[in-house]
Amino acid sequence: MQKYLSLLALLAAASLSAQDFRSTLQGTVSDPQQATVANATVTLRNTDTAQDRTTNTNADGFFLFQFLPPGNYELTVKSPGFRTSV
């Protein structure tokens with residue numbers, strides 16, 4: 001039986017210069033017992049352009065995507081022993 005991944009993601013609009021339209025997406029991946037999942041693969045796909053960005057969570061389950069242009073996105077998290085979460 002595979003475990004499920006939980007995902008807490010926060011989307012923050014850039015709050016620096018008034019002309020910057022890009023955003024940041026950050027979050028933490030954890031298992032059902034709220035233990036963080038290190039080295040999970042996190043892929044962010046812009047569904048409008050089909051462009052992917054991929055990163056891995058750190059030892060605390062944290063991930064970060066910066067300088068994201070406006071658009072529609074799909075986030076996928078994979079880690080061995082867990083079901084893929086979209």
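Is alanine 50 buried, partly exposed or exposed? I will come back to that residue once the setting is clear, and I should say at the outset that what we are looking at is a predicted model.

Let me start with confidence, since this is a prediction. The mean pLDDT of the chain is 85, and 77% of the residues reach 70 or more. That confidence is not spread evenly: strand 1, residues 6–13, has the lowest mean, at 55, while strand 4, residues 51–56, has the highest, at 97. Where pLDDT is low, the predicted coordinates should not be read in detail. For that reason I will leave strand 1, with its mean of 55, aside.

Now to the overall layout of the chain. There are zero helices and six strands, and reading along the sequence therefore gives the pattern β-β-β-β-β-β. The chain has 86 residues, of which 26% count as buried, and its accessible surface comes to about 5800 Å², with 51% of that belonging to carbon and sulfur atoms. If we take the contacts with a separation of 6 or more, 51% of them are between residues 24 or more positions apart.

How are the strands arranged in the sheet that I want to show you? Three strands form an open sheet in the order 4-3-6, with antiparallel pairing. Strand 4 and strand 6, the latter covering residues 73–78, are the edge strands, each pairing on one side only. On average, and ignoring direction, neighbouring strands of this sheet are turned by 20 degrees against each other. Between strand 3, residues 41–46, and strand 4 there are six bridges, and these two strands run antiparallel. Within that pairing, leucine 44 has arginine 53, in strand 4, as its bridge partner.

Let me turn to some single residues, beginning with asparagine 46, which is found in strand 3. Asparagine 46 counts as buried because its relative accessibility is 6%, where the cut-off is under 20%. Its side chain and that of tyrosine 73 are joined by a polar contact of 3.5 Å. Leaving aside neighbours within four places in sequence, asparagine 46 is in contact with Gln51, Pro70, Asn72 and Tyr73, so tyrosine 73 appears both in this list and in the polar contact.

Leucine 75 has its place in strand 6, and it is buried, with a relative accessible area of 14%. Its C-alpha atom is separated by 7.1 Å from that of valine 42, although the two residues are 33 residues apart along the chain.

Finally, the loops, where two residues other than glycine have a positive phi. One is asparagine 39, in the loop between strand 2, residues 23–30, and strand 3, with a phi of about 60 degrees. Asparagine 39 counts as exposed, because its relative accessibility of 53% is over the 50% cut-off.

The other is alanine 50, which brings me back to where I began, and which lies in the loop between strand 3 and strand 4. Its phi is near 65 degrees. Alanine 50 counts as partly exposed, because its relative accessibility is 45%, a value in between the 20% and 50% cut-offs.

Notes:
Residues numbered from 1 in each chain as written. Predicted model: local features only at pLDDT ≥ 70, side-chain atom pairs only at ≥ 80, totals over all residues. Heavy atoms only, no water. pLDDT = per-residue confidence, 0-100. Helix = DSSP H or I, 4+ residues; strand = E, 2+ residues; numbered from the N terminus. Pairing = 2+ DSSP bridges. Axes fitted to C-alpha atoms, helices over the stretch in contact; angles between N-to-C directions. Buried < 20%, exposed > 50% of the residue type's maximum accessible area, 1.4 Å probe, protein only. Polar contact = N/O pair within 3.5 Å; in protein donor to acceptor, adjacent residues only side chain to side chain. Contact = heavy atoms within 4.5 Å. Areas by Shrake-Rupley, 256 points an atom, 1.4 Å probe, with all protein chains shown as cover.
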